[in-house]
Amino acid sequence: MPSTFPSESRSSARPSARQSLWPWSPKAAVASAVVTLAVLLVGMAITKAAASWPSAGSESAILLGIATLALVPVLLLVVERLSSSGGEVKVAGVSLSFAQVSQAAATTVRTTTLAENLGTE
């Protein structure tokens, strides 16, 4: 019986078979979110003490931006998992479906069949 292997694309114009939004583990996503949050909060505390910035009026917007930046790795991981499973997200009447992406990726996988006696005489 012939063996079947996924073929590799030799063209640099095509994306590789394993491109991901977050290539590291989920633990790394959470750890990087925590570290990023801590570093940005410490930086904000230092600037508040040294330069009296941000003001009380803009502090909430700055904190929201810090939280958003810190959660980027976790959000990338969630979007990647949703897209690979063909999931769907519905928020406030807006629907984001990855069903067609998953189906299209499944149909574009190319295979190469090799004979069993390859390399033998």
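Among contacts in the protein chain between residues at least 6 apart in sequence, 59% join residues at least 24 apart. This figure, like the others below, comes from a predicted model. The protein chain holds four helices and four strands, and their order along the sequence reads β-α-α-α-β-β-α-β. Of the 121 residues in the protein chain, 10% are buried. The chain exposes about 9,400 Å², with carbon and sulfur atoms supplying 66% of that area.

A good place to begin a closer look is helix α3, which spans residues 72-85. This helix has 14 residues and reaches 20 Å from its first C-alpha to its last, close to the 20 Å expected at 1.5 Å a residue. Its buried residues are Pro-73, Leu-77 and Glu-80. Seen down the axis of α3, these buried residues fall within an arc of 65 degrees, so they line one face of the helix. The spacing fits a familiar rule: an α-helix has 3.6 residues a turn, so residues three or four places apart point the same way. As for their partners, the buried residues of α3 pack against α1 and α2. Just after the end of α3 comes Gly-86, which takes a positive phi of about 75 degrees.

The two helices that receive α3 are themselves joined by a charged pair. Side chains of opposite charge can pair when their charged atoms come close. A search of the whole structure finds one salt bridge, and this is formed by Lys-48 and Glu-59, whose closest N and O atoms are 3.0 Å apart. Lys-48 belongs to helix α1 (residues 26-51) and Glu-59 to helix α2, so the pair ties together parts that are eleven residues apart in sequence. Lys-48 is partly exposed, at a relative accessible area of 34%. Glu-59 also counts as partly exposed, with 24% relative accessibility.

Between these helices, the backbone has some details worth a pause. Ser-52 lies in the loop between α1 and α2 and has a positive phi of about 55 degrees, although it is not a glycine. The residue is exposed, with a relative accessible area of 60%. Pro-54 sits in the loop between α1 and α2 as well, and the peptide bond leading to Pro-54 from Trp-53 is cis, with omega near 5 degrees.

A positive phi also turns up among the strands. Ala-92, in the loop between β2 (88-91) and β3 (94-97), has a phi of about 50 degrees although it is not a glycine. Ala-92 counts as exposed, at 80% relative accessibility.

Finally, the surface itself carries a nonpolar patch. Leu-37, Leu-41 and Leu-63 form this patch, and together they have about 210 Å² of accessible area. Leu-63 comes from helix α2, which covers residues 59-70. With a relative accessible area of 36%, Leu-63 is partly exposed. Helix α2 thus appears in several parts of this account: Glu-59 of α2 pairs with Lys-48 of α1, Leu-63 of α2 contributes to the nonpolar patch, and the buried residues of α3 pack against α2 as well as α1.

Methods
Residues numbered from 1 in each chain as written. Predicted model: local features only at pLDDT ≥ 70, side-chain atom pairs only at ≥ 80, totals over all residues. Heavy atoms only, no water. Patch = residues over 30% accessible without salt bridge, like charges linked within 9 Å, V, L, I, M, F, W, Y side chains within 5 Å. Areas by Shrake-Rupley, 256 points an atom, 1.4 Å probe, with all protein chains shown as cover. Salt bridge = Lys/Arg side-chain N within 4 Å of Asp/Glu carboxyl O. Helix = DSSP H or I, 4+ residues; strand = E, 2+ residues; numbered from the N terminus. Buried < 20%, exposed > 50% of the residue type's maximum accessible area, 1.4 Å probe, protein only. Contact = heavy atoms within 4.5 Å. Expected span 1.5 Å × (residues − 1). Arc of directions from axis to C-beta.
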